[in-house]
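Work through the exercises below with the sequence and the coordinates at hand. Each task is followed by a solution that goes step by step.

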Amino acid sequence: MPAIETHELAKDYKVGFWRPRPYRALDALTLAVEPGEVFGFLGPNGAGKTTTLKLLMQLVYPTSGTASILGRPLGDIEMKRRIGYLPENPYFYDYLTADELLSYFAGLFGYKGTERAARVSRLLDEVGLGAERRLQLRKFSKGMIQRVGLAQALINDPEVIFLDEPMSGLDPLGRRDVRALILRLRDEGRTVFFSSHILSDAETLCSRIAIVAKGRLMASGTLADLVTAQLKGWEIILDGVSQAPPASHPGVRAVTAIAPGRYAVEALPTEDPLRLARELGGLGGRLVSIAQLHDTLEDLFVRQVDQAAGTDRFAPPVAAAGGGR
Amino acid sequence: MSGRVSVPTVLRIAANVFKESVRDKVLYAIVLFAVIIIAASLLLGQLTAGQEVKIIKDLGLAAISLFGHFIAIFIGIGLVSKEVERRSIYALLAKPMSRAEFVLGKFLGLLSTLSVNVVVMTVALVVVLGVYGATQPAEIKATWEAPSVDPALGVAAFLILAELAVVTAIALCFSTFTSPVLASAFSVGLVIAGHFSADLKNFEQVIDNKVAAGLARGLYYVLPNLAPFDVKSQVVHALPITPLYVALTTGYGVLYVGALLTLAVLFFSRRDFK
């Protein structure tokens, strides 16, 4: 049984005052996330990532389609006991201290007394806010609020954790901590579904990804499935050459100047890179490196987003009229 | 899913609302201002020879009611709208709770805050009346229709609180589906109408048009009838307020609050948080 499953999930918002038109924020999203996966939900800003998470949390209701989490329908209270959610750019009651906020949320899960206090204390230490636990949230920076947000999402030891842009507002150290946290959650066998537009996060963390653009699922699968392992060419870096290597060489696709006397030569995959490097090294320079060129996640992302560009997100009126809850 | 109601969850949400209001300086300012007005009634009473106690009671109860209305409407509307605007509701609704529990918790939280405030303001009024009574000679006291510190004041304060429960439910109900500005306007309008809705009952005696009279009678049944909660004149003139009257008025308030909260839950359960 998938941890998260959506089938043809769609959401229209009405836009316009006098003649409201349905704006399709999410279109027929069908995907399944297996237990124990770290699933990256990628897309540019406005792609429908947050709408998907809000649909899964029942903060908005679908226009059509269905979804389930841990085999239970959305909104099911028993299911909600087993999940955690970090909203995008979270905001919490600023009159509470970090300790009070987590205690309040822990209370909603039924934790009481010393168990609740111990849980709150452990989580605040884990996210690096142990020293600030008695400080009102109004005094917290954006990064600290994000850390509180992560702590509250984990207050119930959830089996499935939804993180909407978890790296947002964090400094490099904070991002490193969150990456380590997500990997720890994965090692504990939990399912993590996180949205991001930062591709390096997905590359380092995810077992599978999905790319959405303009409300549509453009691709999904493992990184290996999506990013072809086929060799696209070679990158040869030469330094100290007296003149630019000839781009007209039959084995060379492109030559890029990096610095004075330093060039990146992109060679065809059929070339022998060492032989080519020796040939080009004859110009008086030395060989710095030879690297294989493969398709990257960024290539795939840009390709899918470009493909989605130019498509209309306003649903035809007839189609929109049939929407239900 | 919206219909599930767990009492501990509702109480936890209510406790958080109470904590928020305890830390809200605006609320302290309102209550302090009300206490000052009540104390000032002591001075105003001096202007009316022989009517001092009546004036203090009348002004004091009016202040409790008026400032209670301020708190009920403006904080009542903020209960939901602030959570939605600031998006603090996102993390909250992902917890194991229903939207019905959220609405009921918010209502109970503000009602408990209002209860404390009404008690504080009533105690201030009783202290003012007690001090005034203690300073008057026996022959003056003998002319009063009721003692300065009269148990009827407690009954009046209780009915004010019952009225504030209805007003809070009105504000909460509007805030579940419209903007804070519109919710404030609608709530103030409905509360004012509620104080005069009894006039609609006998509209046919004023107007000949049967349709208009029927419409007025229909409105009478739909609009809240808040006039019965106001027993200032009975307290001031030492007229009896029977337990049956208090019970019926409270019962009406409970029913009206129940209807409003049901509507609030229905509206709120269907709402998208974009």
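Two strands pair if DSSP finds at least two bridges between them, where strands (E, at least two residues) and helices (H or I, at least four residues) are DSSP runs numbered from the N terminus. This is a predicted model, in which local features need pLDDT of at least 70 and side-chain atom pairs count only at pLDDT 80 or more, while totals for chains, interfaces and linings use all residues. Residues are numbered from 1 along each chain as its sequence is written, and chains are lettered from A and ligands numbered from 1 in the order in which they are written.

**Exercise 1.** Determine with which strands strand 13 of chain A pairs, and in what sense.

Solution. Begin with strand 12 (residues 252-259) of chain A, which pairs with strand 13 in the antiparallel sense over 6 bridges; within this pairing, Val252(A) has Ala267(A) as its bridge partner. The hairpin of these two strands has 2 residues between them, and Gly261(A) takes a positive phi near 80 degrees there. Next, strand 11 (residues 233-239) of chain A also pairs with strand 13 in the antiparallel sense, over 6 bridges, and Asp239(A) stands opposite Arg262(A).

**Exercise 2.** Along strand 13 of chain A, find which side chains point to the buried face.

Solution. A residue is buried if 20 or more other C-beta atoms lie within 10 Å of its own, exposed if 12 or fewer, and partly exposed in between, with C-beta atoms placed from the backbone. Over residues 262-267 the side chains alternate: Tyr263(A), Val265(A) and Ala267(A) point to one face and are buried, whereas Arg262(A), Ala264(A) and Glu266(A) point to the other and are not.

**Exercise 3.** Explain why Leu276(A) counts as buried, and list what it touches.

Solution. Leu276(A) is found in helix 9 (residues 273-281) of chain A, and it counts as buried because it has 20 C-beta neighbours inside 10 Å. Two residues are in contact if their C-beta atoms, placed from the backbone, lie within 7 Å; setting aside residues up to four places away in sequence, Leu276(A) touches Ile236(A), Gly251(A), Ala267(A) and Glu271(A). By contrast, the C-alpha atoms of Leu276(A) and Met218(A), 58 residues apart along the chain, are separated by 38 Å.

**Exercise 4.** Identify the members of the largest nonpolar core that touch the most other members.

Solution. A nonpolar core is a set of buried Ala, Val, Leu, Ile, Met, Phe, Trp, Tyr and Cys residues joined through C-beta atoms within 7 Å. Of the 146 residues in the largest one, Leu102(A), Phe162(A), Ile64(B), Val103(B) and Ala169(B) touch the most other members, and helix 7 of chain B gives the most to this core, with 17 residues. Apart from this core lies another, of 10 residues, among them Trp234(A), Ile236(A), Tyr263(A) and Ala277(A).

**Exercise 5.** Check the length of helix 7 (residues 152-175) of chain B against its expected span, and decide how far the helix is enclosed.

Solution. The expected span of a helix is 1.5 Å times one less than its number of residues. The 24 residues of helix 7 of chain B should therefore span 34 Å, and the end C-alpha atoms are 34 Å apart, which agrees. Of these 24 residues 20 are buried, so helix 7 of chain B is largely enclosed by the rest of the structure.

**Exercise 6.** State how many residues each chain gives to the contact between chain A and chain B.

Solution. Chain A gives 24 residues and chain B gives 21 residues. On the side of chain A, the largest share, 4 residues, comes from helix 3 of chain A.
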